[in-house]
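Thanks for asking me to look over this one with you. Please open the sequence and the 3D view side by side, and then follow the points below at your own pace.

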Amino acid sequence: MPFLLTTTLPLRVSAGVFLKNQNPQLPIMNNSPIYLTWADHSKLRQLLATMVGARPSPALQKLKEEVDRAVVVDPSGLPEGYVTLESEVEYEDLESNEVESYIITLPERANIDERRLSVLAPIGTALIGCREGDIVRWNTPGGSRQLKIRRVTSAAALAANGPAVPSWG
């Protein structure tokens, strides 16, 4: 089992460019840390373990790489504005200026009609563990995208107030 670094200290002084990319053709360093709570880290490890027997996929490999490099923190030490499981994230595609908002969730809870995006989806994997203000570059089936995280609403706030995403349908 890999060593887990835990902290309750402030995680970052300011938001910045957050380059995440597993495409060796693009010269992007993947050195910015992501932050996961103990609970999210455990759920994601369990998800990866249950899918070991499944057909290997790029989505599973990318999620594994992100989970492997995550800094694991106590939930009370994670400042507001970080993307966690069941949090809502609003992001802007910096090329198209399109703004979208989703709740990042485990695959069994994903439902695009309810704006619930699986952490195994390329955008879900790209955003988990990042924070408001980060700019994330990530490869998707439609090509490389550069996304700016505009707003994150925590799972606790969503439970108390409901999601801010529009109801489609």
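**Notes on the structure**

1. Let us start with one residue, E92. Leaving aside residues up to four places away in sequence, E92 touches N97, E98, V99, Q146, L147, K148 and R150. Please keep in mind that this is a predicted model. E92 itself sits in strand 4, which covers residues 88-93. Is E92 buried or exposed? Its relative accessibility is 17%, and buried means under 20%, so E92 counts as buried.

2. Now stay with E92 and look at R150, one of the residues that E92 touches. The side chains of these two, E92 and R150, form a salt bridge with an N to O distance of 3.5 Å. Because E92 is in strand 4 and R150 is in strand 8 (residues 143-153), the pair ties together parts that are 58 residues apart in sequence. R150 is partly exposed, with a relative accessible area of 41%, whereas E92 is buried.

3. A second salt bridge also involves strand 8. Here the side chains of E100 and R145 meet, at 3.7 Å from N to O. E100 belongs to strand 5 and R145 to strand 8, so this pair links parts that lie 45 residues apart in sequence. E100 is buried, at 15% relative accessible area. There is a network to find as well: salt bridges with shared partners join E88, E90, E92, R150 and R151.

4. For another kind of pair, go to helix 2. How far apart are D68 and K64 in this helix? They are four residues apart in helix 2 (residues 58-69), which means that about one helical turn separates them. Their side chains meet in a salt bridge, 2.6 Å from N to O. D68 is partly exposed at 38% relative accessibility, and K64 is partly exposed too, at 36%. If you would like to hunt for others, a search of the whole structure finds 11 salt bridges.

5. Two loop residues deserve a look at their backbone angles. E86 has a positive phi, near 70°, and E86 is not a glycine. You will find E86 in the loop between strand 3 (71-73) and strand 4. With 21% relative accessibility, E86 counts as partly exposed. N97 is also not a glycine, yet its phi is positive, at about 65°. The loop that holds N97 runs between strand 4 and strand 5 (99-105), and N97 is among the residues that E92 touches.

6. With those details in hand, step back to the whole chain. How many helices and strands does the chain have? There are four helices and eight strands. Their order along the sequence is β-β-α-α-β-β-β-β-α-β-β-α, a handy guide when you trace the chain by eye.

7. Finally, here are some totals for the chain. Of its 169 residues, 45% are buried. Among contacts with a separation of 6 or more, 60% come from residues 24 or more positions apart. The E92 and R150 pair, with its 58 residues of separation in sequence, is one you have already met. As for the surface, the chain exposes about 9,000 Å², and carbon and sulfur atoms supply 56% of that area.

Key: Residues numbered from 1 in each chain as written. Predicted model: local features only at pLDDT ≥ 70, side-chain atom pairs only at ≥ 80, totals over all residues. Heavy atoms only, no water. Buried < 20%, exposed > 50% of the residue type's maximum accessible area, 1.4 Å probe, protein only. Contact = heavy atoms within 4.5 Å. Areas by Shrake-Rupley, 256 points an atom, 1.4 Å probe, with all protein chains shown as cover. Salt bridge = Lys/Arg side-chain N within 4 Å of Asp/Glu carboxyl O.
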